[in-house]
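Biologist: Could you walk me through a protein model, step by step? I am new to this and would love to ask questions as we go.

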Amino acid sequence: MNQRPLSRSVEDYLKAIYGLSEGGSPASTSSIAEALDIQPASVTGMVKRLAEEGLLEHLPYRGVQLTEPGQREALRVLRRHRILETYLCEKLAFPWDDVHGEAESLEHAASDALIERMSAALGYPSHDPHGAPIPTRSGEIEPTDMKTLADAVPGAYLRIRAVRDEEAEGLRSMAAGGLVPGVAVRVNEGQPTEDAVGVTVGGALGEVVTVQHDLARRIFVVPDETQS
Ligand SMILES: [Zn+2]
């Protein structure tokens, strides 16, 4: 592979395909179009070009998946994005619901040297403000195939590990309910409605919060071994 910088749109494709295939299955043309908010017809041409450049491969009838060089490039963009978000929050006092958009633009412009200086100034963070793991410089990343709060069973003791950050309004609702990375939640026994999950936030005497499934699907949880 040559080392000429990739265009902004190529970086966006690689990042979107990486996100869509994180669970292990290939990304379909329609899901890529939806993620990038463009027409499926325009995806087909770009996918062909990226396949010719060796960044992804087409699996007939199933979709596309990144090759090893493609994944390496996607992780480089993710590293830049997540370090930028962390820097904006921690050093420049941006609120956590207002950094994704900034990072979406800056991730294509920031040099690796700038990103590494930011990482050093932050003390080499391992996760961004939304709990997402930051890929290392050598392209390693913590596995992120997690369950969401919408899939949780009544009675479960959980800990919020990460939240999706694309929607500012969703992030504000989460913050208002105390649903932020690191916090312990217990799924209540009786459920409020079919489209919502009731949880107790931050230990047994915590506040009871009703989380609509739309929001709960954006909250990633892991079992909490310190409770139960
Ligand atoms: Zn983001």
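Modeller: Here come some questions and answers on the cores and salt bridges. This is a predicted model, where local features need pLDDT of at least 70, side-chain atom pairs count only at pLDDT 80 or more, and totals for chains, interfaces and linings use all residues. Residues are numbered from 1 along each chain as its sequence is written, and side-chain values use heavy atoms, with hydrogens and water left out.

Biologist: Where does the largest nonpolar core lie with respect to domain 1 and domain 2?

Modeller: A nonpolar core is a set of buried Ala, Val, Leu, Ile, Met, Phe, Trp, Tyr and Cys residues joined through side-chain atoms within 4.5 Å. Here the largest one has 25 residues, and those touching the most other members are Leu 149, Met 174, Leu 179, Val 185, Val 199, Val 211 and Ile 219. Domain 1 (1-142) and domain 2 (147-223), with bounds from an automatic or database domain assignment, both give residues to this core, so it lies between them.

Biologist: How many residues are in the other core, apart from that one?

Modeller: Ile 17, Tyr 18, Val 43 and Leu 75 are among its members. This separate core has 20 residues.

Biologist: How many salt bridges does the structure hold?

Modeller: Side chains of opposite charge can pair when their charged atoms come close. We count a salt bridge when a side-chain nitrogen of Lys or Arg is within 4 Å of a carboxyl oxygen of Asp or Glu. The total for this structure is 20.

Biologist: Is Arg 80 buried or exposed?

Modeller: Buried means under 20% relative accessible area, exposed over 50%, and partly exposed in between (1.4 Å probe, protein chains only). Arg 80 has 6% relative accessibility. That value makes Arg 80 buried.

Biologist: Which residue meets Arg 80 in a salt bridge at 2.9 Å, N to O?

Modeller: The pair links distant parts of the chain, 69 residues apart, with Arg 80 in helix α4 and its partner in helix α1 (residues 8-20). Helices are DSSP runs (H or I, at least four residues), numbered from the N terminus. The partner, at 8% relative accessibility, counts as buried. Its name is Glu 11.

Biologist: Which residues do salt bridges with shared partners join into one network?

Modeller: Arg 76 and Glu 73 form a salt bridge, their closest N and O atoms being 3.3 Å apart. They sit 3 residues apart in helix α4, which means about one helical turn between them. Through shared partners, the network joins Glu 11, Glu 73, Arg 76, Arg 80 and Asp 112.

How values were computed:
Helix = DSSP H or I, 4+ residues; strand = E, 2+ residues; numbered from the N terminus.
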